[in-house]
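Dear colleague,

I am handing over the structure below, together with some notes on its cysteines and aromatic side chains. Please read the notes with the coordinates open beside them.

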Amino acid sequence: MTATIEQATPADIADLRQLYYAVYGPHYPTALGTDPAEMSRLIQDAHTLWFVARCPRTGALAGSAAIHSEAGSRVGRLEGLAVHPDQRGTGLAGQLTEALCAGTLDAGVLDSVYATVRTVSAGPQRVVTRNGFRPLGILPNAVELSSRESLALYARHSPGVLDRRVPVAEVPASLLPLLRTAEASLDISYADTRPTASPPTPTGSAPAPLEIIDAPAFVRRRFRAQFPDTGRWFYPLHTPNILLTPEDGSFEVYAYLNRTGGYCALVTAHPDPAAAVGWLEPVTRTLTRAGAGYVEALVPLEQHAALSAFAAQGFIAGALYPAMRRDGDGFHDYVVMSRTTEHIDFRGVVVDPPLQPFLDSYVSAWASTHLPVREVAS
């Protein structure tokens, strides 16, 4: 079906909510498809491009998708891709995705766009693949919908961006399988990056419990006061809404917690992320009690010590986002480190062939982290 594709307007909100309910039921975890006030804000946001598809014969709303970015960032997120069940298989998802990429990547507005794609079927993966997105990795147990689901991370870059990546001299040896997988998938090279042993990770005794401050407006104000220089933190499209701190206030961990979806992103720590390294275990426990079955951190590939510290606390590198952050004329690579406290069941996961090597890499890394090494008696 050749649909009529146009920008969404506030007048579409009621129909959009019905569309997302028809596609996802009552479990859609983001405000983009459920909260009228937030939907109105995004539709009118200068950093959001939101398209809807209409049936050319009836004018009925048949599909929706958006790319959202933020001021000062050239990274966008493809989100809210939905096609009415009656219109599946008509190519609408691809038409919407390509129209959005033409208005952002091809127009030179963004350097890259990423998408987190469901793995309950291969269809969503094939849609983004056909539109130039390539797999970056797997996010196990990343979101709670009708049940706990794993997501796949995909991205599409503007021409020439991947060729301007800043070289990384060394990485923890545990990351080598992920780098090799990314090389084959994205046609990039880490030939000059050497794997080295991880340094000893400091561990704190953490005698005092962590306090969690769940006051989003206060946390946002304090975060902006503590980090007036955006160069000291980088987590696109994740504004902290909770704060964790010990009783002595020696550090503050800022995080974004989505209780509906049951996931959390660790954004940064003050005065420096190194101050909280020894507290990663109690931080994760506290977030789990607050409703996060999945916790992730975005770590620069060149930060060997930080990657090693997260790995020492059971975080596993599931995805690699090359050329994610622009720095002058170059781009820095980032690693998605994640930890889930819930049982991972990949039996219901459906992966398209391009994604399979990343799933295999994650399973191998998980086994190396959590399964004991068996000694064979001679």
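What follows is a short account of what was found, beginning with the cysteines and then turning to the rings.

Please keep in mind throughout that this is a predicted model. A search of the whole structure finds zero disulfides. Two of the cysteines can nevertheless be placed with respect to the surface: Cys55 has a relative accessibility of 11%, and Cys101 has one of 1%, so both fall under the 20% limit and count as buried.

The aromatic residues give a longer list, since the search of the whole structure returns 13 aromatic pairs. One of them joins Tyr20 and Tyr24, whose ring centres are 6.4 Å apart and whose planes meet at 10°, so that this pair is classed as stacked. These two tyrosines belong to helix α1, which covers residues 13–24, and because they are four residues apart there, about one helical turn separates them. Both Tyr20 and Tyr24 are buried.

Another pair is formed by Tyr256 and Tyr263, again with 6.4 Å between the ring centres, but here the planes stand at 50°, and the pair is therefore tilted. Of these partners, Tyr256 is partly exposed at 24% relative accessibility, whereas Tyr263, at 17%, counts as buried.

Ring pairs also connect Phe223, Phe227, Trp233 and Tyr254 into a cluster. Finally, there is a contact between a charged side chain and a ring: Arg165 lies over the face of Tyr190, at 4.8 Å from the ring centre.

With best regards

Terms used. Residues numbered from 1 in each chain as written. Predicted model: local features only at pLDDT ≥ 70, side-chain atom pairs only at ≥ 80, totals over all residues. Heavy atoms only, no water. Disulfide = S-S within 2.5 Å. Buried < 20%, exposed > 50% of the residue type's maximum accessible area, 1.4 Å probe, protein only. Phe/Tyr/Trp six-rings, centres within 6.5 Å; stacked < 30°, edge-to-face > 60°. Lys NZ or Arg CZ within 6 Å of the ring centre and 35° of its normal.
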